[in-house]
Structures are given as structure tokens and as C-alpha cells.
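Student: I'm new to this structure and would love a close look at a single part of it. Could you walk me through how two neighbouring pieces pack, and set that in the wider picture?

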Amino acid sequence: MSALIVKGDSDVGIFFAFLSAFLFAVNNILIKKGMKISKDKDDDGVFTTIFLNVIIFAIFFVFYRSFFYTQHVSFSWIGLLYFIFAGLLTNFLGRITFFKGIKRIGPSKAAPIKNSAPIFTVIFAIGILHEKIDTVSWLGILLIIFGICIQGYSMFKQGKNTNDKFGLMFSLASSISFGVGQGTRKQGLKYLNDPFAGALIGASVALISFIILAAFRRNLLKMLKLTFLHRNIFYYLGGIATGFATLFFFMGIWFTNVAFVGTIVATDPILTVILSKIFLKGEEKIGLTIIIATVFIFIGAAVIALTA
């Protein structure tokens, strides 16, 4: 354990969770702007962001181990396997199934289903990690999930009328992958107590998986050209945003329950709408539904912050 950080401080963990949610929302804005200037319709910035994530995580891992790491943490193969599994679930399978869902049923239906991930995180936290959550904190979690559901239901109603079962299944698979993957990260920290190592391992596994998948689809060269020759500035900035967002997520679950962190981080769609109104004027509208959802979310977050 680091000499600078004392685990168990829930307030610090929740602070990192809020930072993570904010930066994930910033990334959503940057990716949207990046898609507008992209020279290829199939370039969604996923490979670029994960590549930059690996670089950022490697820098922080080396920096932490070189200057602030004062106590030896024994290597654990079990911890390594958990981090690998978490990387496959979140950065790889979660993203792939989410984009598959979007292609089949549209973002307005796929996104609300995917955003139910905190439910699976909480189930994993209680059933597998045996996290203890008091009654008042439960109230905070339920308020946030209710707020997310309000916004999700509104988006779902606005989407195209389709009953594509595979699209719904892909979106649900994405939600489960993200939800369980977040819990698996916490489990990995129990065996290999280094959040920077966890972030680096997970992102590296996802990057390797995307490279193998691209090679199998015979579009690896095209993907590399789009990343390193065209250099979409918004995708690069998005990679930086998601890099720090993921690091803050790991720091959050290092300090407090993953049930709290996962639920707070899942508020990023609401923050995205608010930021879009500010930075993408005319493209997003903040209606009564968003306002109500935001009120529930921030009351729930305040309850968790004050009682965790």
C-alpha cells in the first residue's frame, strides 16, 4: 500500500467517482465532435482512445512505482487474471456489444439498456464481494438508479420503433459486461493491490484484443492509418479523458465500495447532456425529464457522499 494513501476513506473514493463520471461525459462530447471531422465513417475512435489509455496508464504505473511506492505488494496470478478478465469485459466486450446494439436498434434504445450496468455492479458487489451497504446508502443508490431510469425511459421512447431481439440482447450484454467488469476490477485489487497496474493490464488486454480482431477482419492497416496518420485531435483528447476517467475509477474503488463508485460513474449520460447544452449549442435540449432525472441523481449522490 502507498505511504501517501490510506485506504478506507470513502469521501475520497466518492470524490474520485465524481471526477471519473465528469471525464467520461467530457469524452462523450469529444468523441461526438471527432466523428464529425473523421475522414472515415467506420472510424469511431475506439482504437485511438484505448491506445492512448495504455500510454497514460504505463506512465502513471512507472511514475507511481518509481517515486511513491514504498511497500512491496506481492505479485498475484489471481489478481492478474481478474484484471485481464475485467479488461476483456469492460474495454473490449462491453464496447463491442454496445456498438452492435446501436447498429441494430439505435443509440436512443441501446444507451438506456447499457446504462443499467450499475444494477449488475451492485449485484456483483453484494453477492461476490460481500460489500456492506447501510440503509441510507441504499437509498442514495436507488435514487441514482431511478434518475438514470427516468432519463433512459425518455430516450427509449424517442427511439425508432423496433423489436430487434438481437439488438436488445447485444445492449443487455453490454450492460452486464460493464457492470460485472467493474466489480471484477475491485476483486482484482483484493489480490494485487495496485490500481495503476490494474488499469494498465486491463487496457493492454483490450488493445491486444482489438488488434487481433482487426487483423481477423483484415482492416488492421486501415485502423492504424486512421490512428497515426489522420490524427483526429478530438479522439486523442478523448483518449486522454477516458484515461484519467478510468484511473479515477480505479482510485475510487481503491478507497470505497465499488457499488458506490459504479453507481455514481453511471451518471455520465446526464452530465453529457448538460455539457452538450453548454459546448454543443443547439444540438441538445434539456427538458423537464432531464431536470427531474438530474435532481434524483444528485440527491442520491449527496446521500452516498454524506453517509458512505
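Tutor: Happily! Reading along the sequence, you meet the pattern α-α-α-α-α-α-α-α-α-α-α-α-α. In this predicted model, the secondary structure of the protein chain amounts to 13 helices and 0 strands.

Let's look closely at one pair. Two packed helices are described by the angle between their axes and the distance between the axes. For helix α2 (residues 46–68) and helix α3 (residues 77–105), the axes come within 12 Å and cross at roughly 165°. Angles over 145 degrees count as roughly antiparallel, so α2 is roughly antiparallel to α3. The crossing of α2 past α3 is right-handed. On the α2 side, V46, T49, I50 and N53 make the contact, and they meet N91, R95 and F99 of α3.

Now for the wider picture. Of the contacts in the protein chain with a separation of 6 or more, 90% join residues 24 or more positions apart. Buried residues account for 54% of the 308 residues in the chain. The largest nonpolar core has 59 residues, and F57, I141, F210, I253 and I304 touch the most other members. One of these, F57, lies within the residue range of α2. Helix α8 (residues 195–216) gives the most to this core, with 10 residues.

I304 is a good residue to find on your screen: leaving aside residues up to four places away in sequence, I304 touches I14, S137, G140, I141, I144, F260 and I264. As for the outside, the accessible surface of the protein chain is about 14900 Å², and 70% of that belongs to carbon and sulfur atoms.

Technical notes:
Residues numbered from 1 in each chain as written. Predicted model: local features only at pLDDT ≥ 70, side-chain atom pairs only at ≥ 80, totals over all residues. Heavy atoms only, no water. Core = buried A, V, L, I, M, F, W, Y, C linked by side-chain atoms within 4.5 Å. Buried < 20%, exposed > 50% of the residue type's maximum accessible area, 1.4 Å probe, protein only. Helix = DSSP H or I, 4+ residues; strand = E, 2+ residues; numbered from the N terminus. Contact = heavy atoms within 4.5 Å. Areas by Shrake-Rupley, 256 points an atom, 1.4 Å probe, with all protein chains shown as cover. Axes fitted to C-alpha atoms, helices over the stretch in contact; angles between N-to-C directions. Parallel < 35°, antiparallel > 145°, perpendicular 65-115°, else oblique. Left-handed = near helix turned anticlockwise from the far one by under 90°.
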